[in-house]
Amino acid sequence: MNGVVVVLGRQGAGKGTQCGLLQDRYDGVAHVSTGDMLRDAAASGTPLGAHAEAIMATGDLVPDDVMCDVVAERLAALDRSGVTVLLDGFPRTPAQAEALAGMTAPDGLLGAVLLEVDVREVSERMQARGRGDDTAEGIARRLELYETQTAPLVDWFAERGLLRRINGTGEPAEVFDRLATAIGGLVPLRLSR
Ligand code: AMP
C-alpha cells in the first residue's frame, strides 16, 4: 500500500461523493468508507452489520475497538496492492486516530485533508439526501458527536504537520479540483485512462 490520506469533515460535507470521484479519475486510489462498509455489512446481515445497524440508526458511534478491527483488516487486505487509500469516516475519535497511527507506522500516514462546510449547509444537504439515518434526530446527534469527538482530530493532525484545509462549498467540480490539488501535494496522482 502506498499510504493513507484521511479525508476529514462533517457528515454531509461531500467526503463520500468526492472520494468516489477521485477513485474513478485517478489510478491507484482506493476509497475506503467505514460508513459504506457498515451499511454493506448491515445489508448482508453479517454479525458486524447486525451490531452496527441499531447504532447507526440513532446516529451514535460504533465502539472504537470494533471500528479499529474493521479498518485494520481492510488496510491489511490492501497492504500488497500499491494503492493509496482515501480513508473516509475514520478516524472519528482520538482513540481511532492513535490506532490509525499505529497501523500506518512508521511512514504510511501521509496526511489529512479537511473538507470545510458549515453546520447549516451540511444540515440542509443531509435533509435533501434523505439516507436512512438522515432523520432530524439522527442528523443532530451525528453533528453533535462530530463537534465533541471528531473535531479535536483537526488539531491532532495539525500538531503533527499533517493537516490541509479545503473549502468544501461551491460547485462540486471546484471542490473536486481543490481536493485533488491538496491530495496531489501528498502523493503523486496519475489520471486513469
Ligand atoms: P458515515 O457514512 O461516515 O456518516 O457513517 C454512518 C454511521 O456509521 C455513523 O453515524 C456511525 O454510526 C457509523 N460509523 C462510521 N464510521 C465510524 C467510525 N469510524 N466510528 C464509529 N462509528 C462509525
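Which residue has a polar side-chain atom 3.4 Å from an oxygen atom of the ligand? The residue is Arg-131, and I would like to start from that contact and work outwards, keeping in mind throughout that what we have in front of us is a predicted model.

Arg-131 reaches an oxygen atom of the ligand, whereas the other two contacts I want to show involve nitrogen atoms of the ligand. For Gly-89, a polar backbone atom lies 2.8 Å from a ligand nitrogen, and for Gln-96 a polar side-chain atom is placed 3.0 Å from a nitrogen atom of the ligand. As for the surface, the ligand on its own would expose 480 Å², and the protein buries 96% of that.

Let me turn to the shell around the ligand, which counts 15 residues, with Thr-34, Arg-39, Asp-60, Gly-89 and Gln-96 coming nearest. Sorted by class, this shell contains 6 nonpolar, 4 polar and 5 charged residues. Helix 2, which covers residues 34–43, is the element that gives the most to the shell, contributing 4 residues.

Now for the site as a space in the protein. The ligand sits in the largest pocket, and that pocket holds about 600 Å³ of space. Its lining is made of 28 residues, of which Gln-11, Gly-35, Arg-39, Arg-92 and Arg-131 are the closest to the centre of the pocket. So far as class goes, the lining divides into 6 nonpolar, 11 polar and 11 charged residues. Helix 1, residues 15–25, helix 2, and helix 6, residues 119–129, each supply at least two residues of the lining, and helix 2 again gives the most, with 5. Arg-39 therefore deserves a second look on the screen, since Arg-39 is listed among the residues nearest to the ligand and also among those closest to the pocket centre.

Finally, I would draw your attention to the backbone at two prolines. Most peptide bonds are trans, but the bond from Phe-90 to Pro-91 is cis in this model, with omega near 0°, and Pro-91 is found in the loop between strand 4, residues 84–88, and helix 5, residues 94–104. A second cis peptide bond joins Ala-105 and Pro-106, where omega is about 5°, and Pro-106 lies in the loop that runs between helix 5 and strand 5, residues 109–116.

Notes:
Residues are numbered from 1 along each chain as its sequence is written. This is a predicted model: local features need pLDDT of at least 70, side-chain atom pairs count only at pLDDT 80 or more; totals for chains, interfaces and linings use all residues. Side-chain values use heavy atoms; hydrogens and water are left out. A residue is near a molecule or strand if one of its heavy atoms lies within 4 Å of it. A polar contact is a pair of N or O atoms within 3.5 Å; within protein, one must be able to donate a hydrogen and the other to accept it, and residues adjacent in sequence count only if both atoms are side-chain atoms. Accessible areas come from the Shrake-Rupley method with a 1.4 Å probe; for residues, only the protein chains shown count as cover. On a 1 Å grid over the protein atoms alone, a cavity is a set of points where a 1.4 Å probe fits but cannot get out, and a pocket is an open set with protein on both sides within 12 Å along at least five of seven lines; lining residues have an atom within 4 Å of a point. A molecule sits in a cavity or pocket if more than half of its atoms lie within 2 Å of its grid points. Ala, Val, Leu, Ile, Met, Phe, Trp, Tyr, Cys and Pro count as nonpolar, Asp, Glu, Lys and Arg as charged, and the others, Gly among them, as polar. Grid points are joined across faces, edges and corners, and a volume is the space filled by probe spheres set on the points.
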